[in-house]
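Hi everyone, thanks for making time. I'd like to walk you through a structure that will be new to most of you, so have a look at it first and then we'll talk.

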Amino acid sequence: MPWRVLVEEHGWCQECGYCERRVYNDEPDRVWTTDEQVCCSVECEARRENWLRKHAAAKQQESSNG
């Protein structure tokens, strides 16, 4: 069962995809990403996206150098 269903419909929690804070279905600022990761706020979502972009760019540069 997808995490989104477990959190939203069954009362589970999941760690924020950036800061690792527990996020429950009553968290008013929660944001679900396209890859079904929950973030506790739009700020953490943006920080996570920036981290993912930097990580992907570093990995691409590493593979082109090696």
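Let me begin with a question: which side chain meets that of Arg30 in a salt bridge? It's Glu8, with 2.8 Å from N to O. Arg30 sits in the loop between β2 and β3, while Glu8 belongs to helix α1, residues 3-10, so this pair ties together parts that are 22 residues apart in sequence. Both ends are partly exposed: Arg30 has a relative accessibility of 24%, and Glu8 has 26%. Please keep in mind throughout that this is a predicted model.

Okay, let's step back to the overall layout. We have two helices and four strands, and starting from the N terminus the order is α-β-β-β-β-α. In terms of dimensions, the C-alpha atoms fill a box of roughly 45 × 25 × 15 Å along the principal axes. The radius of gyration is 14 Å, whereas a compact globule of 66 residues would come out near 11 Å. As for burial, 26% of the 66 residues count as buried. And if you take the contacts between residues at least 6 apart in sequence, 17% of them join residues at least 24 apart. The surface that the protein exposes is about 4900 Å², with carbon and sulfur atoms supplying 47% of that.

Back to the charged side chains. The total is four salt bridges, and I want to show you a little network, which links Asp35, Arg48 and Glu49. Arg48 and Asp35 come together at 2.9 Å, N to O. Here Arg48 is in helix α2, residues 42-65, and Asp35 is in the loop between β3 and β4, so the bridge ties together parts that are 13 residues apart in sequence. Arg48 also bridges to Glu49, and there the closest N and O atoms are 3.7 Å apart.

Now, is Arg48 buried or exposed? It counts as buried, because its relative accessibility is 9% and the cut-off for buried is under 20%. Its partners come out as partly exposed, Asp35 at 46% and Glu49 at 28%.

Next, strand β1, and one residue in it, Gln14. Gln14 is buried, with a relative accessible area of 9%. What does Gln14 touch, if we don't count residues up to four places away in sequence? Quite a list: it includes Trp3, Val7, Arg22, Trp32 and Val38. Another one to look at is Glu27, in the loop between β2 and β3. Glu27 counts as buried at 15% relative accessibility. Leaving aside neighbours within four places in sequence, Glu27 is in contact with Arg21 and Cys40.

In that loop between β2 and β3 you'll also find Tyr24, which is partly exposed at 39%. Have a look at how Tyr24 and Cys13 sit: they're 11 residues apart along the chain, and their C-alpha atoms are separated by 4.6 Å. Beyond four places in sequence, the residues that Tyr24 touches include Val7, Trp12 and Arg30, and that last one is our Arg30 from the opening salt bridge.

On to the aromatic rings. How many aromatic pairs are there? The count is one. The pair is Trp3 with Trp12, arranged edge-to-face, with 6.0 Å centre to centre and 70 degrees between the planes. Both are partly exposed, Trp3 at 39% and Trp12 at 44%.

There's a nonpolar patch on the surface too, about 300 Å², made by Tyr18, Trp51 and Leu52. Tyr18 comes from the loop between β1 (14-15) and β2 (22-23), and is partly exposed at 39%.

Last stop, the backbone. Most residues other than glycine have a negative phi. So which residues go positive here? Glu20 has a phi near 70 degrees, and Glu36 has one near 65 degrees. Glu20 is in the loop between β1 and β2 and is exposed, at 54%. Glu36 is in the loop between β3 (31-32) and β4 (38-39) and is partly exposed, at 33%. You've met Glu36 without my saying so, because it's among the residues that buried Gln14 touches.

That's my tour, so over to you for questions.

How values were computed
Residues are numbered from 1 along each chain as its sequence is written. This is a predicted model: local features need pLDDT of at least 70, side-chain atom pairs count only at pLDDT 80 or more; totals for chains, interfaces and linings use all residues. Side-chain values use heavy atoms; hydrogens and water are left out. Patches are made of residues with over 30% relative accessible area and no salt bridge: like charges are joined within 9 Å, nonpolar side chains (Val, Leu, Ile, Met, Phe, Trp, Tyr) within 5 Å. Accessible areas come from the Shrake-Rupley method with a 1.4 Å probe; for residues, only the protein chains shown count as cover. Buried means under 20% relative accessible area, exposed over 50%, partly exposed in between (1.4 Å probe, protein chains only). Rings of Phe, Tyr and Trp (its six-membered ring) pair if their centres lie within 6.5 Å; planes under 30 degrees apart count as stacked, over 60 as edge-to-face and the rest as tilted. The radius of gyration is taken over C-alpha atoms; the globule rule is 2.2 Å times the number of residues to the power 0.38. Contact means heavy atoms within 4.5 Å.
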